[in-house]
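Please read the following account with the sequence and the structure side by side, and look up each residue as it is named.

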Amino acid sequence: MAIDYTAFRQEVRDWLTANLPDELRAAGRTATSVFIDKEHTLAWQRILNTRGWVAPHWPAEYGGPGWNETQRHIFAGECERAGAPHLSPMGLRMVAPCIMQFGTPEQKAHYLPRLLAGEDYWCQGYSEPGSGSDLASLALRAERDGDHYVLNGSKIWTTHAHFANRMFCLVRTNREGRPQAGITFLLLDMATPGITVRPIITLAGDHEFNQVFFDNARVPVSGRLGEEDQGWSVAKYLLEFERASSYAASLFRALEDVRAAAAAASDGNGGRLLDDPNFVARLNSIKAQVLAIEATEARTMATIAKGGNPGPASSMLKVQGTEAQQAIQELGMDVSGSVAAADPPGVRRPGGNVQPVGGEFETLAAARYLNGRAASIYGGSNEIQRNILARLTLGLN
Ligand SMILES: Cc1cc2nc3c(=O)[nH]c(=O)nc-3n(C[C@H](O)[C@H](O)[C@H](O)COP(=O)(O)OP(=O)(O)OC[C@H]3O[C@@H](n4cnc5c(N)ncnc54)[C@H](O)[C@@H]3O)c2cc1C
């Protein structure tokens with residue numbers, strides 16, 4: 001039976017109007033990072049779960065809503081339009097596809113329902129102080145001791161490790177041969193004795209990521225995803241999903257916010273900034289880029305929906321999506337003028353009582369701009385993505 005997409009869009013819009021509380025709408029609208037604080041993101045996840053709409057990309061057999069690509073696209077657009085907070089990607093979008101692909105029946109039965117219900121909150125233990133772009137050089141040691149691995153070393157830049165109760169983690173189980181061949185992928189409990197989380201404060205003054213230390217932390221072998229020393233395949237599979245996250249819907253919303261702020265801002269000559277031809281040219285050029293991203297996303301998601309994986313298109317999306325995001329944030333700084341310089345983090349803290357200097361858009365512009373600089377670094381820097389594209393898409397060596 002043909003799907004009535006107009007009716008579907010109205011159904012989603014009506015449901016969001018009735019079920020997205022003002023407090024969560026405000027948390028989504030004023031977010032300065034893709035990562036919303038745990039309290040608000042999980043509150044929204046629990047509400048979505050009552051409707052079965054937490055994981056639009058999951059197959060129906062694991063609790064996805066069974067939508068096609070057009071429905072997912074409509075849903076994402078309506079969530080952005082309503083100002084819904086983003087859900088944390090580390091569990092639902094990153095480790096979940098790996099558990100579906102590589103997990104034992106017991107691991108699937110244990111982790112996937114807990115992921116949907118928001119009972120587990122995941123962080124990603126890939127990078128180490130000496131291993132970022134060259135991830136395969138990672139050194140966190142995992143030595144087998146009966147039914148456990150004993151972990152020693154550290155992970156760094158671990159986003160939301162201070163909130164997470166679970167980590168998916170790459171460890172070194174073998175130091176012989178190619179570095180890729182001695183890596184194992186573990187799912188572990190952050191409450192394990194011997195794990196310490198130490199904050200790292202960002203340029204914007206936020207506590208978003210951490211360094212995590214492992215001092216004889218004992219992780220059960222049953223937490224291993226895939227075979228020992230075979231974790232590199234799982235790690236790479238996950239990165240394709242990390243990089244192929246959707247950008248277009250939130251980029252369109254960010255562009256609209258800039259346009260609205262420019263309509264209210266002066267051009268310094270008695271007119272509106274939105275009537276300045278140079279400004280409009282920049283705005284439209286980014287819009288053209290976002291339209292191209294939207295088309296690439298639709299193509300990629302259709303491949304995933306047919307059971308494929310994103311492949312090198314995910315690197316293309318990562319580069320284009322993050323660079324468009326940064327260009328929009330730079331425009332946001334220009335629109336905000338000197339007001340953007342007054343950026344006390346207390347204004348942004350939910351419930352904070354520090355008074356903003358300008359309007360909401362101007363108050364958030366600097367924090368968004370600073371946070372956005374990281375987007376072309378995390379998930380594999382854009383230089384690394386370009387190397388991947390050169391090799392896999394252009395055939396260069
Ligand atoms: C905000 C933020 C959140 C993060 N969250 C997480 C997380 O939750 N979990 C996690 O595991 N990691 C996380 N990371 C880490 C991230 O994945 C790494 O920062 C990234 O992979 C780059 O590694 P690096 O920082 O060690 O830089 P390096 O690898 O040292 O790179 C330094 C510079 O050299 C360039 N470069 C390196 N090698 C090449 C090459 N072969 N060709 C061309 N240029 C090259 C890079 O592009 C970069 O510009 C996060 C990072 C940030 C900024």
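A good place to begin is W157, which is found in the loop between β3 (residues 148-156) and β4. The model is a predicted one, and in it W157 has a phi near 65°, a positive value in a residue other than glycine. Is W157 buried or exposed? There are 21 C-beta neighbours inside 10 Å of W157, and because 20 or more are needed for a residue to be called buried, W157 counts as buried. The loop between β3 and β4 also holds H160, and H160 too has a positive phi, of about 60°, although it is not a glycine. H160 is likewise buried, with 21 other C-beta atoms within 10 Å.

From this loop the chain leads into strand β4, which covers residues 166-172. β4 is mostly covered, since 7 of its 7 residues are buried. In a regular strand the side chains alternate between the two faces of the sheet. In β4, R166, F168, L170 and R172 point one way, while M167, C169 and V171 point the other way.

Which strands pair with β4? One of them is β1 (residues 122-125), which pairs with β4 in the parallel sense over 4 bridges. Within this pairing Q124 stands opposite F168, and the bridge partner of G125 in β4 is C169. Another is β5 (residues 183-189), which pairs with β4 in the antiparallel sense over 7 bridges. F168, which stands opposite Q124 of β1, also stands opposite L187 in β5. In β1 itself, W122 and Q124 point one way and C123 and G125 the other way, and all of these residues are buried.

The ligand brings W157 and β1 back into view. Which residues come nearest to the ligand? Of the 19 residues around it, those that come nearest are Y126, G132, S133, W157 and S381. The elements that give two or more residues to this shell are β1 and α13 (residues 382-392). Sorted by class, the shell has 8 nonpolar, 10 polar and 1 charged residues.

To place the ligand in the whole chain, it helps to turn to the domains. The domain assignment of the protein chain gives domain 1 (residues 5-87), domain 2 (residues 122-230) and domain 3 (residues 244-392). Why does the ligand lie between domain 2 and domain 3? Both of these domains give residues to the shell around the ligand, and therefore it lies between them. As for domain 1 and domain 2, their centres, taken over C-alpha atoms, are separated by 31 Å. The contact between them takes 4 residues from domain 1 and 5 residues from domain 2. On the side of domain 1 that touches domain 2, the residues divide into 1 nonpolar, 2 polar and 1 charged.

The helices come next, beginning with α9, which runs over residues 277-305. At 1.5 Å a residue, the 29 residues of α9 should span 42 Å, and the C-alpha atoms at its ends are 42 Å apart, which agrees. The buried residues of α9 are F279, I286, V290, I293, E297, T300 and M301. An α-helix has 3.6 residues a turn, so residues three or four places apart point the same way. The buried residues of α9 pack against α4 (residues 69-82), α8 (residues 248-264) and α10 (residues 313-336). After α9 comes G307, whose phi is positive, near 95°.

Helix α10, one of the partners of α9, can be examined in the same manner. At 1.5 Å a residue, its 24 residues should span 34 Å, and its end C-alpha atoms are indeed 34 Å apart, which agrees. How many residues of α10 are buried? The number is 18 of the 24, so α10 is largely enclosed by the rest of the structure. D334, which lies in α10, is partly exposed, with 15 other C-beta atoms within 10 Å. The C-alpha atom of D334 is separated by 9.2 Å from that of A365, a residue 31 residues apart from D334 along the chain. α10 is followed by G337, whose phi is positive, near 60°.

Methods. Residues numbered from 1 in each chain as written. Predicted model: local features only at pLDDT ≥ 70, side-chain atom pairs only at ≥ 80, totals over all residues. Near = placed C-beta within 6 Å. Nonpolar A, V, L, I, M, F, W, Y, C, P; charged D, E, K, R; others polar. Domains from an automatic or database assignment. Contact = placed C-beta atoms within 7 Å. Expected span 1.5 Å × (residues − 1). Buried ≥ 20, exposed ≤ 12 C-beta atoms within 10 Å, placed from the backbone. Pairing = 2+ DSSP bridges.
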